[in-house]
Amino acid sequence: MAAPASIVEGFERSLRECLSPFGFEVQPFKVGWYNAVLQPSLHLSHPEDTLAVLVLSAPQMFEKAFKPFLKNREFKNIRDPIDECVAHYSFPAQKVEVSYDYEMLPNRRPRFLAQTAAHAAGAAYYYQRKDITADPWGNKKMYGVCMHPRYGGWFAIRALLVFPGVGAEGLVQRDPPDCVPSQELRIELLERFNLRWQDWSYRDIVPVEERYSEEQKTYFNTPPADRLKLLQESGDLQICPSY
Ligand code: B12
């Protein structure tokens, strides 16, 4: 069913008001914009005008949502606190299908291609090997990377919300800002992302407003299996030893 533009706008505003104080950004788009660049087997199975919203985490999510979230909840059977935190803050009361960036389908494909969604939604340009006219990499596989106009590479794509039955005819597609326009810099970006992503430098290929704090970097540098221990040691998390 088509919703008037004002309803979609109001909806977007509510989501933004709810999530931005916690360091998340939301970007509404139409399912059809995403499907248009993908082969049919990867399509989201909703009519092309269906409203979808992409949720990104900005650098401050760690301090504004994740750490307060840890302090306010009882922890039992935690998988990854970041993911738990996203679940906590992004479930509105409306009927909504939520897919997280880490979720895989039985055929081992991701439930949605986060970078393609970010580009199609206009949130962050997805620089792919095919965006480089004469690349120097021969047969080597080079993964693509999204760059955000304000946070460079200091962000993550966390979740896709689809609102079945809500039409978004009023939305107008905008290209994401091309913040790495030169061929030389695109080559440098893909090399940093593929060959030395551990040094964080690909995230700074453009000037940025904010980066991850040292504490957040330490957290992400810690193997997932050791993260709970790290949080316990820093006093951000107390777990009852009996379970
Ligand atoms: C699997 C995965 C990996 C795998 C494989 C990577 C890969 N790209 O295939 C591995 C383990 C190697 C990996 C590593 C990393 N990853 Co990773 N990974 C993913 C994951 C879960 C799925 C990616 C995937 O399988 N894509 C499938 C392939 C086939 O898609 P594709 O190459 O984009 O091809 C499609 C497009 O080209 C599209 N297409 C065709 N034409 C056109 C035209 C246009 C205009 C557009 C937009 C699209 C488009 O069609 C193709 C499919 O047919 C995503 C999250 C997600 N749900 O998407 C994170 C993700 C890509 N990873 C991410 C990161 C940060 C990393 C790491 C730095 C690790 C880390 N610290 O988190 C490293 C860096 C890479 C490296 N040097 O190893 C981020 C990237 C953020 C960004 N700024 O882009 C993501 C988005 C996770 C997130 N939550 O933000 N990752």
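**Exercise 1. The chain from end to end**

In what order do the elements of the chain run from the N terminus on?

*Solution.* Before starting, note that this is a predicted model, in which local features need pLDDT of at least 70, side-chain atom pairs count only at pLDDT 80 or more, and totals for chains, interfaces and linings use all residues. Residues are numbered from 1 along each chain as its sequence is written, and side-chain values use heavy atoms, with hydrogens and water left out.

Step 1. Reading from the N terminus, you meet α-β-α-β-α-α-β-α-β-β-β-α-α-α. Helices here are DSSP runs of H or I with at least four residues, strands are runs of E with at least two, and both are numbered from the N terminus.

Step 2. Tally them up: the chain has eight helices and six strands.

Step 3. Now turn to burial, where buried means under 20% relative accessible area, exposed over 50%, and partly exposed in between (1.4 Å probe, protein chains only). Of the chain's 243 residues, 47% count as buried.

**Exercise 2. The shell around the ligand**

Find which residues and elements surround the ligand.

*Solution.* Step 1. The shell holds 26 residues, and the closest are Asp 101, Tyr 126, Gln 128, Cys 146 and Ile 157. A residue is near the ligand if one of its heavy atoms lies within 4 Å of it.

Step 2. Sort the shell by class: 18 residues are nonpolar, six polar and two charged. Ala, Val, Leu, Ile, Met, Phe, Trp, Tyr, Cys and Pro count as nonpolar, Asp, Glu, Lys and Arg as charged, and the others, Gly among them, as polar.

Step 3. Look for the elements that each supply at least two shell residues: α5 (114-120), β5 (145-147), β6 (156-167) and α6 (183-195). Helix α5 gives the most, with four residues.

Step 4. Check the atom pairs at the ligand. An oxygen atom of the ligand has a polar side-chain atom of Tyr 126 at 2.6 Å. A backbone N or O atom of Cys 146 is 2.8 Å from an oxygen atom of the ligand. On the nitrogen side, a polar backbone atom of Asn 194 lies 3.3 Å from a ligand nitrogen.

**Exercise 3. A closer look at Tyr 126**

Is Tyr 126 buried or exposed, and which residues does Tyr 126 touch?

*Solution.* Step 1. Place the residue: Tyr 126 is in strand β4 (residues 125-127).

Step 2. Tyr 126 counts as buried because its relative accessibility is 12%.

Step 3. Leaving out residues up to four places away in sequence, Tyr 126 touches Gln 115, Thr 116, His 119, Asp 131, Gly 144, Val 145 and Cys 146. Contact means heavy atoms within 4.5 Å.

Step 4. Take Val 145 from that list: Tyr 126 and Val 145 are 19 residues apart in sequence, yet their C-alpha atoms are 5.6 Å apart.

**Exercise 4. Two positive phi values**

Compare the surroundings of Arg 108 and Trp 200.

*Solution.* Step 1. Phi of Arg 108 is near 70°, a positive value in a residue other than glycine. Phi of Trp 200 is also near 70°.

Step 2. Arg 108 sits in the loop between β3 (97-100) and α5, and Trp 200 in the loop between α6 and α7 (214-221).

Step 3. Arg 108 counts as exposed, at 74% relative accessibility, whereas Trp 200 is buried, with 12%.

Key: Polar contact = N/O pair within 3.5 Å; in protein donor to acceptor, adjacent residues only side chain to side chain.
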